[in-house]
Every structure is written in C-alpha cells, then in structure tokens.
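Colleague: Got a minute to walk me through the sheets in this one? I'd like to ask about them one at a time.

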Amino acid sequence: MAAITNPEIVEGLPATDAQDGSGNTQLQVPDKLPVLPLRDIVIFPFMIVPLFVSREKSVRAVDEALGENRMILLVSQRDLDKEDPAAEDLYKTGTVAVIMRMLKLPDGRTRILVQGLLRANVEQVTDKGEFLEARVKVLEEPTVGENSLEVEALVRNVRGSLEKATNLGKNISPEVMAIVTNLDDAGRLADLAASNLELKVESAQSILDISDPVVRLKRVNELLNKEVEVLTVQQEINTQARADIDRSQREFYLRQQLKAINSELGEGNELAEEVANFREKIEAANMPKHAEEEAVRQLKKLERMHPDAAETATLRNWMEIMLDLPWSKASVDNLDLKQAQIVLDEDHYGLEKVKERIIEALAVRKLREKPKGSILCLVGPPGVGKTSLGRSIARALDRKFVRLSLGGVHDEAEIRGHRRTYVGAMPGRIVQALQQAGTNNPLIMLDEIDKVGADFRGDPSSALLEVLDPEQNNSFRDNYLNLTFDLSNVMFMTTANVLDTIQPPLRDRMEIIRLSGYTEEEKLEIANRHLIKKQMEENGITARQIQISTRALSVIIKQYTQEAGLRQLEREIGALCRKVARRVAESEEDAKAVTVRVTPKNVHEFLGVPKTAADEILKHDAIGVATGLAWTAAGGDVLFIEALKMKGKGTLVLTGQLGDVMKESAQAAFSYAKANARELGIDEEDFANYDLHIHVPEGAIPKDGPSAGITLATAMVSALSARPVRRDVAMTGEITLRGNVLPVGGVKEKVLAARRARVTKIILPHQNERDMEEVPKNLFKEIEFVFVDNVQKVLEHSLLKAKPKAASVPAKSDEPERRPNVAHAV
C-alpha cells in the first residue's frame, strides 16, 4: 500500500493512526481499486472534475468505491466507441482519485465529483463481473532540486506562455492563473497547465505517463508553445475578418450616404439600382473565377461613371450580356438509347446509316461523361432533312436546339464578335446562340457551312477552326466579352450541300456523313407519314375532307417534282390542300361532310399541267447518242451525250457549256479512239477527212467533271464506227489515255436517276462495286449492273453491231459485210 501525506488531499478521508515526521496524517492507497473507464478525457492529479456515469459496470465501480474508502482508479479508453472495454482497451497509466460527491439523476445516470490524487501504473485488470478491478502501483515522482536553474527557467516559460494564451483568448479562469502565479512545484504546474490546454486524449495521456516532473514540464512547455502559435494565427485571422467586416460596414455606410445625397439631388437612383441588381446577379451566376473577377472590376467602373456618359451604355450592355450567359446552367442529357431511336424513327424515315452513327455517339456519351467526340457534318442535296435531323437529335437528348445559318457570312467578327471599342459592337453568333439557348450545353446547328465567304474583313472559316476543334474550344475567346468561354459541353453539327467549297483544315475537323436523295418509294412513305398531315394541319382541313391516293402521290412525284429532297413535293401537297380548303370554304353544305378525293386522273385539275418531264431513255437505239449519269447538288440526273461525224479536217468540236475537266475527258476519249481505230472498227482516214462534234443538250446548264469519260468515248466510237448505242444502257466513269476506267463519286444518286429513267443496264467502274452497299437492293432487282475496268468492256455492253448499208448502193457492195465482222470482233 502507498501512503499520501499531502494534507490538502488527506483531509476528509479515512486515515490511519500513523504519522510522518512532520506530523501530517498518512493515507494508505489500497493495492486494488475499482476501475472507472473514461471516454474522451484524461484526469490529472489535483484536478477536480464532475463526471457523468451511465454504464452499468461503471455505476457498480462507483458504488464499490463509496462502500470502501471512496477511492477509484480513473483510466482512459484507447477506443472511445468501445461500450464494454476490456483490459487491453485501457491505457497502462491512470489516476487514483477520490469521490467527493455523488448524485443520482432521474434518467438513471449518476453524477460524481472526483479529485485526482496521484499517478498509478495499472499492473493487472480483473473483470469481477459487476465491475472492473485493477491492481495498481503508485508512481513515485523523483525529487527536484530546489535551486535548479533549468527548472526555474521552465517554470517561468510555462507561466509566461499561459499568460500569452490567456491574452490571445484562451479560456483559462482567473483562479487558475492565480494558482499558477504562486505555484513553484514543477510537477503540479505541469499537470495544472496540461489540464487547461484542452489536449487530445493521446497527447494528454503521454503527459500522464511521464512521472519525472522536469521531463513532464518540458513536454507541457512544448505543447503550450504550439498552442500559443495556433492562437496567434487564429487571432490574426479574426483580426483580418474583423477588418473586412468593418470595411464592408464602412462601404455600406458610405453608399447609404451617397444614396441619400443623390436622392436629394434627384439623380443617380436608376444607375445605383442597376448596379445593385448587377451585383446580386454576379453573386448568383456562379461564374468561373476569371469571369467573376472581370465582372466585378467592370461593375466598380460602372458604379463610378456618370449615368449620361457615352461609355455607361456600352458597359451596361456588356454587363447584361455577361450575366445572361449560362456560365454554369446546363441541361441534363437523356441518354436512353431506345428512346433516342424511337424519336429519330418518328421524325425521319430511312437514313439508317445516319441514325446508327448518331446512336453510337450517344452511346459513347453515356459511357464517358465528357467525350471529345467528332463534329458531325451532314452533306447532301437540299431538302433531304439535314437541319430537321439535328433538331430531332436535340429532342432525343433533351437539349436546347439553336440553328445558325452561315450562308453568306463573310466577316470574322460574325463568329468571334466585335471589340467593344467599335460603335454598335456585339458578341459573335456563337455567344449569341448560347445566350439564346440559356444553357451551356445546347446542340448548335451550323447550317450551310459550305457557303461561308471571305473578304478583306477576315475569314470566318478560319475562325470556325477554334470553335469546331475539341482540343481548343474549351477556351474560346470572344472579342466582345474579352473572356474565354468553355464550349466543350456544346454539341456542334454542321450541314452542307457540297464539300468542295469547305476549307481543307475545316473539313478535317468534321466527320462527313452523306445524305443522298430519296427514292420514289421513300418519298411516298414520307409523304404519307409526315407531309400530308403537316399540310392538312397548316391549311385547316381534316383527313376526312381530303383523300390522296398513293397513285396520285406517285404522279405528283414523277410529273410535278424533280429533286433529291422533299421541299417541292411538300409545296405541291400544300397547293393541293389549299385548293381543297377553298372548296370546303365555298361549299354551301356542312364543311365536315365535304370530301375531296385526289386521283391520278384529276391531279392536273388541282396542280395544272405537269411541271417536269420524267427522265426517260431514248425511244430507239441511235448512232452517236450515249446515256450518261451525272451528279448535281439536287441529286442524280441522266445526261445524253451526242456525237456527230461531218466533213472536215479532223477537228474535235465541243459544245454544251462544258467545263475544263469535261473537255479534257473528251480530248482523252478522242485520242484513245484515234490511237485504237483499227481495233474499234473505225476507218483511220476518217480522222483526217471528218470533224467530230460533241454536244451535251441543255446548253444553258454548266457541266463539268470527269465521270462522263466513258460516255463520251462511247458516243464518239458509235459515231465514227456507225454502231448504234443501246438505248437502255446508262454509264458513268472516268477514262484514261490507255483506256482504263477509274472510279467516280455519287454512285447512289446516279443509279437512282437511272432507275427513274427506266434503264435496264448500268455500267459502273469496277472499283465502285463497294459503293453498292449503300444502294437499296430491293429497288434494283430488274436492273443489271456491269462493273468494268477498261473501255473495251464498256463498248461490248453498250454498242450494237453496225447496221448494213442499203443494197441499192453499188459502190463498195462488200463493205457492209466486212465492217460488221470487225465490230463483232471488237
């Protein structure tokens, strides 16, 4: 058992009869004491602390201590969340304490007041069932020299640090500071200082574990110095915050004074209200840091301006545009691929390849949050649904849709915006589109990108390079804003009729998707699904009042339209609906009872005489007339090339407004025919005695391109060899001087035009066989496709045998028999 000789502690406790040499009563500490585990606190000797006891074992330990000698061992837990701690969950050093008071609370808890006596080492913990009991060994503190300079210095440092902490706002009571001032004992000073530092359990326990008073005081001095540094920084932060608050209050006070002065003068109220409104919007806009700083700077500048100054209006407009931009407002994408497919199928018939590519892009966006996808460029004739396809994609994604028409744009400022120094300056059309959409991730359709111009004011195509480049558009700078805006969330799509006029660097940034023209069957289906319903709604009639048969629609398509798209067809259906609407309006009967049926026989009564003549093949085989296939911006077309041999000096005459490339193809075909005259059944003397005239009808229409090469060669050889060309054969392909046939483009549009003309055989270059995958096979079951790689095969399939001359001609009576044999050999 250990003895306590301190009269301050022993007073009021049961004591033994033994006395020490100084006459103080000794108190014996038992070897075994009940244990009270503590959470989140460490009790030091001489500390008086109230404790709430609620755990059953802890309450039993308190009752056991009160029943014996009121002494209890206070030990901190290693794990604060442990409800029933065992021996290994407790620290090895605790504090022997005495229970001074105890109070039972109505909620079942017990409140005790304890005072720490001395340190004790826990040698063994035994679970008694009802409470924990520990065998303890009191830690004896080494004696400290009275005249030690080190101890004196440590004591002074600790006193000074406690005073600094108190001055810096540390909550230490005056009574404690009074005790500290008069306390010279190093051990007690260390414990008293540690108990008032609000240390974590680990740090406080490390001090409790130290029995040497000097070492303990050094450790407390280190922790106290750190606490003083923290308090110093905290005070600096509080001082700065207080200064900011004082400055804000001062600015508010001055503004209120300025507002009162302006109110007395009758001016400045409107501008002040706008500035206040702008300030609220800036705070709510959630701008990027650089944009917010610039907006605040310009707002302060606006605040100092006179309301009637010229620059005030300019700066006010800039602020309004800045705050209208969707810096952080975005719509949530609908990435349901099935729903997107349904929307695309509802709005568009056919176009399977285009829909597939769009669904793939949505799938990538679903798997990756911010993909750097390519820019889709829809290329095709007018009226095939390029713009409406973009609108459908936006609807499928639940995004805002904005269309920008770039046709005729020739100023770079249209894209990048004007600088604010110019009168009437405005932001570029990209920023305006974002302002119009109201979100920072709309779908922006750049329409007619192939018709962008350029002049001395700049090149808009070059400005679009930054907009359409996923690696650059995250920091797009508009000249008007003079700030960068992130366009990486915007989904860009472009449309074009042709690719030739688009700059190569700009074309390289886009993925080209071609939309060819519609077949007659597709037009019929689209008209029944969409066009008729749309025009009936626009013209105020019902499906009961007008009935258009499928055969009547077919007549309208063939005789009143000639296009790859649907615009003219929609206009003709609209004309039909207007005629019917007039009849219904003029009818004396009930409007709901009027029904007008449109049939092939009465279509002309509504639409007048046919506006176009259908492309048809020749009525009979002819010498020197070959049927070619051409591509135009409006789709495919049939081209008849005529060749005529006439007396002359071997000159090649070309008419029909042909371009340079087509003229060169004609010259190449003529040179080939001249070099291979014998094999082709042509009299070599004819090239010296006859001129050859090549003409392409419809001379008012410019024609160019290399794909008429084999057609020109066929017409020339036919005219020179007097061999008729099959009227039901159409062809396209480029020719070389060696007679090879090279591939061409626009195959789908050309074969559709050939089908409209009722051709039965189509000759194509051998390398274009791969393009037939895009051609609907069910529409060409009755058409034979021939793929060739030289002109000889073209002539075999397109030329007939020469017609024999009449028997009444006596001269050269054997000539008709020799020439067919030569032609047949070819």
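Colleague: Which strands form the open sheet with mixed pairing, and in what order?

Modeller: Keep in mind that this is a predicted model. Seven strands make up that open sheet, and the pairing is mixed. Reading across, the order is β21-β22-β20-β19-β24-β27-β28.

Colleague: Why is one side of β21 and of β28 left without a neighbour in the sheet?

Modeller: Strands β21 (652-655) and β28 (784-788) stand at the edges. One side of each is left without a neighbour in the sheet because each has a single partner strand.

Colleague: In that sheet, which residue stands opposite Val729?

Modeller: Look at β24 (residues 729-731), which runs parallel to β27 (residues 761-765). Three bridges join these two strands. The residue in β27 opposite Val729 is Lys761.

Colleague: At what angle does helix α25 run to β20?

Modeller: Helix α25 (residues 747-756) lies across β19 (625-632), β20 (635-647), β27 and β28. Against β20, the helix runs at about 75°.

Colleague: On to the sheet of five strands: which are its edge strands?

Modeller: That open sheet has parallel pairing, in the order β10-β11-β14-β9-β15. An edge strand here pairs on one side only, and that picks out β10 (401-405) and β15 (510-514).

Colleague: And what stands opposite Cys377?

Modeller: Strands β9 (residues 375-379) and β14 (residues 491-496) pair in the parallel sense over four bridges. Opposite Cys377, in β14, is Thr494.

Colleague: What angle does helix α15 make with β10?

Modeller: Helix α15 (residues 429-437) packs on this sheet and touches β10, β11 (443-447) and β14. Its direction and that of β10 make an angle of about 155°.

Methods:
Residues numbered from 1 in each chain as written. Predicted model: local features only at pLDDT ≥ 70, side-chain atom pairs only at ≥ 80, totals over all residues. Heavy atoms only, no water. Pairing = 2+ DSSP bridges. Contact = heavy atoms within 4.5 Å. Axes fitted to C-alpha atoms, helices over the stretch in contact; angles between N-to-C directions.
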